[in-house]
Amino acid sequence: MTIQTVDPRALRDAFGAFPTGVTVVTACDGDGNPIGFTANSFTSVSLNPPLLLVCLAKTSRNFATMTGAQHFAINVLSETQKDVSNTFARPVEDRFAAVEWARGSAGCPIFSSVAAWFECAMEEVIEAGDHVILMGRIEAFDNSGRNGLGYARGGYFTPTLASKAVSAASEGNMELAAVVERRGEVLLLGEDVLSLPSVDAHDGSPTEALQKYLEALTGLKVSIGFLYSVYEGKSDGKQHIVYHAVAGEGEPAGGRFLKPDALVAAKFKTSSTADIVNRFAMESSIGNFGVYFGDETGGTVHPIPAKDAKA
């Protein structure tokens, strides 16, 4: 299609072929009230100085406030935050009631459980056709290590590795489990015989189902992280998918946190559980994690880049 006959809708669809992450851009109005909107037109610009940018439509109801703001924040949503994305993409009046958030050092709303966040000083507002480019100088940021929520061709997607694994495993009887970590300790169930917390999978998002189960079990806030192990259980005929997860503070209602390197003589429910806990103890000690694919007796560990596995 030539530029003389460009159709805006067709051009938007073509842009949508490029997969992106999903963010919520936040700031405060003149009265200190929080505002925010969903955006995927976000990118890093420079490390030195630390700069990023996001595009804002001139038709946005937040246009005047955002272009006049001294500071703004970028919340990079994690793969369990589709509802947050949808909430801030719609004209909902009290959007912030649907998300946990706190003010950053410059006063911008920072969301809980995001993959990463950046709080910026407004560096420049650049005219760009029917949009403006908000250039921000990063003053504070954090990287949780959670997988980011993806978006392409009008739909959400989770990281490719997890999607392929879940798709393959869903063809059989599937069990979800988690290595729930807190300060190097792992949540285990049982007294004499230890096991990882697990639940049978049903229809819907595996990570959402697992998070709901873990929070009901422990009474703690739990964030699901990267995929850790996918294997076929020959003894039980199930497909097992194990995620890494991080638990919040507090005493768990179910299970107990134990140091994995102190469990050498412990008895586990299955040899697979013992292998997972022992591998986690080794990998966490060196900060280099992997994803296991195989069965109970053998398989392959695929390395995870350090920036993706950092908890």
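This is a short guided tour of a predicted model, stop by stop, with a selection to make at each one.

**The whole chain**

Start with everything shown as a cartoon. The chain holds seven helices and 22 strands. Now colour by burial: of the 311 residues, 44% are buried. If you switch on a surface, you are looking at about 16,000 Å² of accessible area, and carbon and sulfur atoms account for 53% of that. A contact map is worth a glance too. Among contacts with a separation of 6 or more, 65% join residues 24 or more positions apart.

**Stop 1: a nonpolar patch by helix 1**

Select V6, L11 and F15 and show their side chains. Together they make a nonpolar surface patch of about 270 Å². F15 belongs to helix 1, which covers residues 8–15. Is F15 buried or exposed? Its relative accessible area is 59%, so F15 counts as exposed.

**Stop 2: the seven-stranded sheet**

Next, pick out strands 3, 2, 6, 9, 10, 5 and 4, in that order. They form an open sheet with antiparallel pairing. At the edges you will find strand 3 (34–39) and strand 4 (42–46), each of them paired on one side only. Look along the sheet to see the twist, which averages 35° from one strand to the next.

Helix 3 (residues 82–89) packs on this sheet and touches strand 2 (23–28) and strand 3. The direction of helix 3 makes about 110° with that of strand 3.

For a close look at one pairing, select residues 51–57 and 131–143. These are strand 5 and strand 10, joined in the antiparallel sense over seven bridges. Which residue of strand 10 is the bridge partner of L53? It is M135. As background, strands of a sheet pair through backbone hydrogen bonds, either parallel or antiparallel.

**Stop 3: N75, inside strand 6**

Stay with the sheet and select N75, which sits in strand 6 (residues 71–76). With a relative accessible area of 0%, N75 falls under the 20% limit and is therefore buried. Now display what surrounds this residue. Leaving aside neighbours within four places in sequence, N75 is in contact with V22, T23, V24, T26, P109, I110, F111, V114, A116 and W117. Of these, T23, V24 and T26 fall within the 23–28 range of strand 2.

**Stop 4: two backbone features in loops**

Most residues other than glycine have a negative phi, and most peptide bonds are trans. The next two selections depart from that pattern in different ways.

- Select N48 and P49: a cis peptide bond joins them, with omega at about 5°. P49 is placed in the loop between strand 4 and strand 5.
- Select S113: its phi is near 65°, a positive value in a residue other than glycine. S113 lies in the loop between strand 8 (109–111) and strand 9 (116–128).

**Stop 5: the hairpin of strands 13 and 14**

Move along to residues 173–182 and 185–188. These are strand 13 and strand 14, which pair in the antiparallel sense over two bridges. One bridge matches R182 with E185 in strand 14.

The hairpin has two residues between its strands, and R183 there takes a positive phi near 50°. R183 is not a glycine. Is R183 buried or exposed? At 62% relative accessibility, R183 counts as exposed, because the cut-off is over 50%.

Strand 14 has a further partner to show. Add residues 256–258, which are strand 19: the two strands pair in the antiparallel sense over three bridges. Here V186 stands opposite L258 of strand 19.

**Stop 6: V301, in strand 22**

Finish by selecting V301 in strand 22 (residues 299–303). At a relative accessible area of 38%, V301 is partly exposed. Draw a distance between the C-alpha atoms of V301 and V291: they are separated by 5.2 Å, and the two residues are 10 apart along the chain. Not counting residues up to four places away in sequence, V301 touches R279, E283, G290, V291 and Y292.

How values were computed:
Residues are numbered from 1 along each chain as its sequence is written. This is a predicted model: local features need pLDDT of at least 70, side-chain atom pairs count only at pLDDT 80 or more; totals for chains, interfaces and linings use all residues. Side-chain values use heavy atoms; hydrogens and water are left out. Patches are made of residues with over 30% relative accessible area and no salt bridge: like charges are joined within 9 Å, nonpolar side chains (Val, Leu, Ile, Met, Phe, Trp, Tyr) within 5 Å. Accessible areas come from the Shrake-Rupley method with a 1.4 Å probe; for residues, only the protein chains shown count as cover. A salt bridge is a side-chain nitrogen of Lys or Arg within 4 Å of a carboxyl oxygen of Asp or Glu. Helices (H or I, at least four residues) and strands (E, at least two) are DSSP runs, numbered from the N terminus. Buried means under 20% relative accessible area, exposed over 50%, partly exposed in between (1.4 Å probe, protein chains only). Contact means heavy atoms within 4.5 Å. Two strands pair if DSSP finds at least two bridges between them. Axes are lines fitted to C-alpha atoms, for helices over the stretch in contact, and angles run from 0 to 180 degrees between N-to-C directions.
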